[in-house]
Amino acid sequence: MRKIPLRRVAVIGVGMSKFGKQPEKGLVALGTEACLAAIKDCGIVPKNIDGVYCANAFGDTGCLGQQIAMQVGLVSREMARVENACAGGTTAVREVFYAIGTGRWDIGMAVGVDSMTTCMPKGPIVAKDIDGDLGLSMPAYGAMQMQRYIHKYGATVKEFAQVSVKNHFNGSLNPYAMYKKVFTLEEVLGARMICEPLTQLMVSPVSDGAAAAILCAEDKVKQFTSKPVWMVASSLISGDYTLFAKDMDISTMGEQASAEAYEMAGIGPKDIDVVELHDAFAANEIPNIEDMGICKRGEGARLLMEGYFDLNGKVPVNPSGGLLAQGHPLSASGVRQIAELTWHLRGQAGERQVKSAKIGVAHMEGGVVSGLQGGACGINIVMR
Amino acid sequence: MAKVPLRENLFTEKIDGTLKYYKCKSCKHLLPPLTVTCQYCFSNDLEPMPLGKRGKLFAFTTNNLDSAHFKAPFTTGYIEFPEGFRLFSVLEKVEGKPFKIGLEMEMVIQKLWDKGEDEVIGYKFRPV
């Protein structure tokens, strides 16, 4: 990856819509709700936003970014939609970051939106390839990922169920979470079986929602805040061939994206104060933590049970409740993570506030592609 | 009522024969069925080879959601071949031989589902 000189970029405004089953709203209403919240958050006059990247995975409408932006008075400027499955929102934030960092824009907005209740066929996300025909689905893959980890490291399903317990507890403290209910380990393990041993409560729910983030070049930040949250790194790597997969719980794109992002930010995983990562399935969280080098391979399950990744733990993971408690409107999640981390770094995260959070890492990974280990992994890092 | 393969180019000449895998003539690496371009050196000069029927169970799960072609509950998993690649497949139970990682599995070629008037022929794996 080529290094290029970049201006410093800050996150000045964030916002999200309500997350949940909201079929009456649709893509434009959800996106507008999030953008208005972000605009209100920083008090910007919309016409000062130079451009918009809109992330969206499912929908049959063209120029979605334009349809949303016009609702907040944004026309006649640079705009485009991006799609990168679960990493779509992360990609939109990245594009805005680079547009500002390279001097193309001074201020930009990233919005991610998906309306799964209205734009997606029912049933698990399945690729249209030979494996999809043979019954492979995302939950099936998650279940096997968990099984491989358990097999190699002597872990049990309990540790993975505990991911769900932790994240639902965090979600209960989050006014934005789709599900604010606390669940016990027994309830998670005893929920309806989806793909053995993954239960219903270990799968992120179908949800509609949007999130928006407004980023700003250093020399204009003072107009909006005296305590900016800087975006200091971004990485995005697509999946390698399945043929070269080491194992199902090891994501080489996750490892590479993490290493690149840390190098760009000038940090190591030991410096991280708070993490929002991709937990579409409770199966994903522990392997993703290890992909990010936050702990050694095979140690994540034990550390999780010891509370290491709890809200008041050494490295809180998914203080928002993650995708498990928030729901996962695909393209919104990556932007929602930036909103969440920004709130923590500003000290505005309410009951779920991670104390003295200075460095936050947002990780999203997903996408189903025949012959590849996955679609993409994207990481964005914010710092106070 | 004709027999059609799960995918074109999946089997050797006979549809009920066995799967084809590939050896790259340029770099000599072994490649899974349905490969068109060598993922090591990007050559298209691939030599077809008959795939053995045995492999080891790498991972598996029992699905409680119907898929397009299979009704729940059905078990699927990855089979690891000595040639170095893994295939995803539906698994068949055998009484007294519960699935576990590392279990020796053998391929069976059979009808997977009907496609209109035709029978779609593919593979499943079951414990040896």
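Me: By what definition is the radius of gyration taken, and what is the globule rule?
Reply: The radius of gyration is taken over C-alpha atoms. The globule rule is 2.2 Å times the number of residues to the power 0.38.

Me: What kind of model is this, and how are residues, chains and ligands labelled?
Reply: Residues are numbered from 1 along each chain as its sequence is written, while chains are lettered from A and ligands numbered from 1 in the order in which they are written. Local features need pLDDT of at least 70, side-chain atom pairs count only at pLDDT 80 or more, and totals for chains, interfaces and linings use all residues, for this is a predicted model.

Me: What is the radius of gyration of chain B?
Reply: A compact globule of 128 residues would have a value near 14 Å. The value for chain B agrees with this; it is 16 Å.

Me: How many strands are there in chain B?
Reply: Helices (H or I, at least four residues) and strands (E, at least two) are DSSP runs, numbered from the N terminus. Chain B reads β-β-β-β-β-β-β-β-β along the sequence. Its helices number zero and its strands nine.

Me: What percentage of the residues of chain A count as buried?
Reply: A residue is buried if 20 or more other C-beta atoms, placed from the backbone, lie within 10 Å of its own. Of the 384 residues in chain A, the buried share is 59%.

Me: What share of the contacts in chain A with a separation of 6 or more comes from residues 24 or more positions apart?
Reply: Two residues are in contact if their C-beta atoms, placed from the backbone, lie within 7 Å. In chain A, among contacts with a separation of 6 or more, residues 24 or more positions apart account for 78%.

How values were computed. A residue is buried if 20 or more other C-beta atoms lie within 10 Å of its own, exposed if 12 or fewer, and partly exposed in between; C-beta atoms are placed from the backbone.
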